[in-house]
Amino acid sequence: MEKSKIDRINALAKKAKAIGLTERDALRKEYLADMRAAFKQQLDSTYVQTADGTKIPYAEYAKLSKH
């Protein structure tokens, strides 16, 4: 997310103490969606090396470790 949007979120947060704002909520939701997408992308490119030396994608490893 662009720095200008983060700055706008912070400015609106200060203003929201006196007035309820929906713009801040929309920007906050966009920011959280961007953060979640970035985290998911990072996990999608992460691999786990097993004891026998093979590397498997984290998503597959997570499914295997739940059982």
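**Helices, strands and salt bridges in a predicted model**

Visitor: How many helices and strands does the protein have?
Guide: This is a predicted model. Two kinds of element occur in the protein, helices and strands. The count is 3 helices and 2 strands.

Visitor: In what order do the elements run from the N terminus?
Guide: Helices stand at the start and the end of the run, with the strands between them. From the N terminus on, the order is α-α-β-β-α.

Visitor: Why is the protein said to be more spread out than a compact globule?
Guide: For 67 residues the globule rule gives 11 Å. The radius of gyration is well over that, so the protein is more spread out than a compact globule. The radius of gyration is 19 Å.

Visitor: What box do the C-alpha atoms fill?
Guide: The box is taken along the principal axes. Its dimensions are roughly 60 × 25 × 15 Å.

Visitor: What share of the residues counts as buried?
Guide: Buried means under 20% relative accessible area. The share is taken over the 67 residues of the protein. It comes to 12%.

Visitor: What share of the contacts with a separation of 6 or more joins residues 24 or more positions apart?
Guide: A contact needs heavy atoms within 4.5 Å. Among contacts with a separation of 6 or more, those between residues 24 or more positions apart account for 16%.

Visitor: How much of the accessible surface belongs to carbon and sulfur atoms?
Guide: The accessible surface of the protein is about 5700 Å². The part that belongs to carbon and sulfur atoms is 56%.

Visitor: How far apart are the mean positions of the positive and negative charges?
Guide: The protein has 14 positive and 9 negative charges. Each set has its mean position. The two means are 7 Å apart.

Visitor: How many salt bridges does a search of the whole structure find?
Guide: Side chains of opposite charge can pair when their charged atoms come close. The cut-off here is a nitrogen within 4 Å of a carboxyl oxygen. Over the whole structure, the search gives 4 salt bridges.

Visitor: Which residue forms a salt bridge with aspartate 7?
Guide: Aspartate 7 is partly exposed at 37% relative accessibility. Its partner lies in helix α1 too, 4 residues apart, about one turn of the helix. The closest N and O atoms are 3.0 Å apart, and the partner is lysine 3.

Visitor: Is lysine 3 buried or exposed?
Guide: The cut-off for exposed is over 50%. Lysine 3 has a relative accessible area of 61%. Lysine 3 is therefore exposed.

Visitor: How far apart in sequence are the parts that glutamate 30 and lysine 5 tie together?
Guide: Glutamate 30 and lysine 5 form a salt bridge, with the closest N and O atoms 2.7 Å apart. Glutamate 30 lies in helix α2 and lysine 5 in helix α1, so the pair ties together two parts of the chain. Those parts are separated in sequence by 25 residues.

Visitor: What are the relative accessible areas of glutamate 30 and lysine 5?
Guide: Glutamate 30 is partly exposed, at 30%. Lysine 5 is also partly exposed. Its value is 24%.

Visitor: Which residue meets lysine 40 in a salt bridge?
Guide: Lysine 40 and its partner both lie in helix α2, 4 residues apart, about one turn of the helix. The partner is partly exposed, with a relative accessible area of 46%. The N to O distance is 3.0 Å, and the partner is aspartate 44.

Visitor: Which residues are joined into one network by salt bridges that share partners?
Guide: A network arises here where salt bridges share partners. The residues joined are Glu2, Lys5 and Glu30.

Visitor: Which residues does proline 57 touch, not counting those up to four places away in sequence?
Guide: Proline 57 sits in strand β2, residues 55–57. It is partly exposed, at 31%. Its C-alpha atom is 6.2 Å from that of threonine 46, 11 residues apart along the chain. The residues touched are Thr46 and Tyr47.

Visitor: How far apart in space are alanine 59 and alanine 13?
Guide: Alanine 59 is in helix α3. At 44% relative accessibility, alanine 59 is partly exposed. The two alanines are 46 residues apart in sequence. From C-alpha to C-alpha, the distance is 36 Å.

Key
Residues numbered from 1 in each chain as written. Predicted model: local features only at pLDDT ≥ 70, side-chain atom pairs only at ≥ 80, totals over all residues. Heavy atoms only, no water. Rg over C-alpha atoms; globule rule 2.2 N^0.38 Å. Buried < 20%, exposed > 50% of the residue type's maximum accessible area, 1.4 Å probe, protein only. Areas by Shrake-Rupley, 256 points an atom, 1.4 Å probe, with all protein chains shown as cover. Lys, Arg positive; Asp, Glu negative; His and termini not counted. Charge placed at Lys NZ, Arg CZ, Asp CG, Glu CD. Salt bridge = Lys/Arg side-chain N within 4 Å of Asp/Glu carboxyl O.
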